[in-house]
Amino acid sequence: MTDTPASAPRKNAENTRGKPFEPGNAGRPRGSRNKATLALEALLDGEAEAVTRKAVEMALDGDTTAMRLVMDRIMPPWKDRPVAFALPKLETPTDAVKAAAAIVEAVASGDLTPSEAEDLSRLVDRFVRAVETTDILERLESLEAEKLR
């Protein structure tokens, strides 16, 4: 990308509507709202409850578009949620084996979904890696200390 002087004509100058922004004029202020949006909000002000009630009524009457609209607004898809599962306490890598067994058992009994189990298994795996890394660092420091003696 080459630097062009401010006075140089722009390549798309003939296609630009109105006058381009002057130096120091950043354009529309951040957070400013479109006039149409403001007008729509003014129309709906105080009517949101009635409109929502009507959409719910239409959904209950079988209007599938209204159903989708209502469900998308009332109950958006969850991206993440807390899992009610008692993971065994993790202190050593051998505890990770117990935790993995508990996760598999919970999936088998239907207490956890496979995707929830996958997320929990990743947590257990990260714990094991953290413990192993700490153990390696401690051994390395011990070897270096012995070497210096």
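The chain has 5 helices and 0 strands, and from the N terminus on its elements run α-α-α-α-α. Helices here are DSSP runs of H or I with at least four residues, strands are runs of E with at least two, and both are numbered from the N terminus. The model is predicted: local features need pLDDT of at least 70, side-chain atom pairs count only at pLDDT 80 or more, and totals for chains, interfaces and linings use all residues. Residues are numbered from 1 along each chain as its sequence is written, and side-chain values use heavy atoms, with hydrogens and water left out.

Of the 149 residues of the chain, 10% count as buried. Buried means under 20% relative accessible area, exposed means over 50%, and partly exposed lies in between, with a 1.4 Å probe and protein chains only. The accessible surface of the chain is about 13,300 Å², and carbon and sulfur atoms account for 58% of that surface. These areas come from the Shrake-Rupley method with a 1.4 Å probe; for residues, only the protein chains shown count as cover. Contacts, defined by heavy atoms within 4.5 Å, give a further description of the fold. Among those between residues at least 6 apart in sequence, 31% join residues at least 24 apart.

Helix α2 covers residues 48-60. The expected span of a helix is 1.5 Å times one less than its number of residues. For the 13 residues of α2 this gives 18 Å, which agrees with the 18 Å between its end C-alpha atoms. Just after α2, G62 takes a positive phi of about 105°. Helix α3 (residues 64-74) contains T65. This threonine, T65, is exposed, with a relative accessible area of 52%. T65 and A55 are 10 residues apart in sequence, and their C-alpha atoms are 9.4 Å apart in space.

Helix α5 takes up residues 114-148. Its 35 residues should span 51 Å at 1.5 Å a residue, and the end C-alpha atoms are 51 Å apart, so the two values agree. The buried residues of α5 are E116, A117, L120, V124 and V128, and they pack against α4.

Where do the buried nonpolar side chains of the largest core come from? The core has 9 residues: A96, A99, I103, A106, L112, A117, L120, V124 and V128. Helices α4 and α5 each supply at least two residues of this core. A nonpolar core is a set of buried Ala, Val, Leu, Ile, Met, Phe, Trp, Tyr and Cys residues joined through side-chain atoms within 4.5 Å. In soluble globular proteins, nonpolar side chains tend to be buried together. One member of the core, L120, is in contact with V83, F85, I103 and L112, leaving aside its neighbours within four places in sequence.

A charged residue, D95, lies in helix α4 (residues 93-109). D95 is buried yet has no salt bridge, and the nearest side chain of opposite charge, K98, is 4.0 Å away. For charge, Lys and Arg count as positive and Asp and Glu as negative, while His and the chain ends are not counted. Apart from its neighbours within four places in sequence, D95 is in contact with K89 and L90.

The structure holds 5 salt bridges, a salt bridge being a side-chain nitrogen of Lys or Arg within 4 Å of a carboxyl oxygen of Asp or Glu. Side chains of opposite charge can pair when their charged atoms come close. One of the pairs in α5 is D135 with R139, at 3.3 Å from N to O. D135 and R139 are 4 residues apart in the helix, about one turn. D135 is partly exposed, with a relative accessible area of 32%, whereas R139 is exposed at 56%. Elsewhere, salt bridges that share partners join E118, D119 and R122 into one network.

In that network, R122 pairs with E118, the closest N and O atoms being 3.2 Å apart. Both residues lie in α5, 4 residues apart, or about one turn of the helix. R122 also meets D119 in a salt bridge of 3.3 Å, N to O. D119 and R122 are 3 residues apart in α5 and so separated by about one helical turn. R122 counts as partly exposed at 37% relative accessibility. E118 is partly exposed at 46%, and D119 is partly exposed at 39%.
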